[in-house]
Amino acid sequence: MSDPLVEATGLVKHFALRRGLFSRARGAVRAVDGVDLRVEAGETVGLVGESGCGKSTLGRLLLRLIEPTSGRVRFEGTDITELPERRLRPLRRRMQIVFQDPYASLDPRMTVGQIVAEGLQIHRMVSSASEREARVEALLRRVGLRPEHARRYPHEFSGGQRQRIGIARALAVEPRFIVCDEPVSALDVSIQAQIVNLLKDLQEELGLAYLFVAHDLNVVRVVSRRVAVMYLGRIVELADAGALFDRPRHPYTEALLSAVPVPDPERRRLRILLEGDVPSPVAPPPGCSFHPRCRKARAGLCDVQVPPLRAVAPGHFAACHLAE
Ligand code: SF4
């Protein structure tokens, strides 16, 4: 197997729980609780799960936008976990993020041209104003906007257009890896497909790798080569998209997929209701953290032993004692 572009090993992020800024920690939110994940150059890994399962935190850890509690992240073969900012900066250029809310992530006081050009200037990728303008113009065209949009402000655009601006900003610095954090969740359904197609075209053209964080499984299926399913801070299933959607091995994935509408009545799945809420990540259940909601749980096993993520078929991994 070739060296991965991004590799996380034993990644953990616990957020201290405090009553006030200076009070002692009363516990910890176990947002990410021991994740191993590889993303190969040019591939899309979909990351799915209910809200609060740690997907967005994991995306930010991979980019070192937040510091891990423990574990390591390698990017292009370099361990970036403790790299000083000065040495991290050149690598930061090649790993970018596109946010869910394109409005909140764009500075309303900056023109679109300034927003897209910011990274070019920080990383000294242009040597003159005319070169900068030409680069911004080409980027805006590439994401389906017009050059004159550079002089306008974010509030003058629709949600879909603002997401295109966010994508142009990420692309400006010529990344190899982009965390797409729910990039279409805030958009109308009619616009979602346009943004997804734009991301796919850019990937093909530029050889980009994506971690595509989403809770809409239909979108994930369309964009991903492999899919990871997260539950309470851990990856509970990881497989090629086709294998995972055709034959999920983890009861949680089965339940998630059973709720997704499919057009073909022959392939319609029995709806499995997920009972109860996701348990608190402050005090996750012992053993398999899914056991209080699992219809297959076995007393004395699932509530005691943590199931490791293990291979159940070539390239297909599940963290379930009963998966086969
Ligand atoms: Fe369900 Fe047990 Fe498998 Fe967990 S280990 S998913 S509780 S069957």
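How do helices α5 and α6 lie relative to each other, roughly parallel or roughly perpendicular? The close-ups below, all taken from a predicted model, begin with that pair.

**View 1. Helices α5 and α6 pack against each other.** Here you can follow α5 through residues 159-172 and α6 through residues 189-206. Their axes are 10 Å apart and meet at an angle of about 15°. Angles under 35 degrees count as roughly parallel, so α5 and α6 are roughly parallel to each other. Look also at the handedness: α5 passes α6 in a right-handed crossing.

**View 2. Helix α3 meets α5.** Now turn to α3, which covers residues 112-122. The axes of α3 and α5 come within 7 Å and cross at roughly 25°. This pair is therefore roughly parallel too. The crossing of α3 and α5 is right-handed.

**View 3. Helix α4 packs on α5 at an oblique angle.** Helix α4 takes in residues 129-142. Between α4 and α5 the angle is about 130°, and their axes are 9 Å apart. That value makes α4 oblique to α5. As you trace the pair, note that α4 passes α5 in a right-handed crossing.

**View 4. The ligand and the residues around it.** Let us leave the helices for the ligand. The space that the ligand takes is the largest cavity. Around the ligand you will find four cysteines, C288, C294, C302 and C320, and three histidines, H250, H291 and H321. The other residues around the ligand are P251, F290, K296, A297 and L322. Sorted by class, this shell has eight nonpolar residues, three polar ones and one charged one. For the nonpolar class, remember that Cys is counted there, along with Pro, Phe, Ala and Leu.

Key. Residues are numbered from 1 along each chain as its sequence is written. This is a predicted model: local features need pLDDT of at least 70, side-chain atom pairs count only at pLDDT 80 or more; totals for chains, interfaces and linings use all residues. Side-chain values use heavy atoms; hydrogens and water are left out. A residue is near a molecule or strand if one of its heavy atoms lies within 4 Å of it. On a 1 Å grid over the protein atoms alone, a cavity is a set of points where a 1.4 Å probe fits but cannot get out, and a pocket is an open set with protein on both sides within 12 Å along at least five of seven lines; lining residues have an atom within 4 Å of a point. A molecule sits in a cavity or pocket if more than half of its atoms lie within 2 Å of its grid points. Axes are lines fitted to C-alpha atoms, for helices over the stretch in contact, and angles run from 0 to 180 degrees between N-to-C directions. Helices (H or I, at least four residues) and strands (E, at least two) are DSSP runs, numbered from the N terminus. Angles under 35 degrees count as roughly parallel, over 145 as roughly antiparallel, 65 to 115 as roughly perpendicular and the rest as oblique. A crossing is left-handed if the near helix is turned anticlockwise from the far one by less than a right angle, and right-handed if clockwise.
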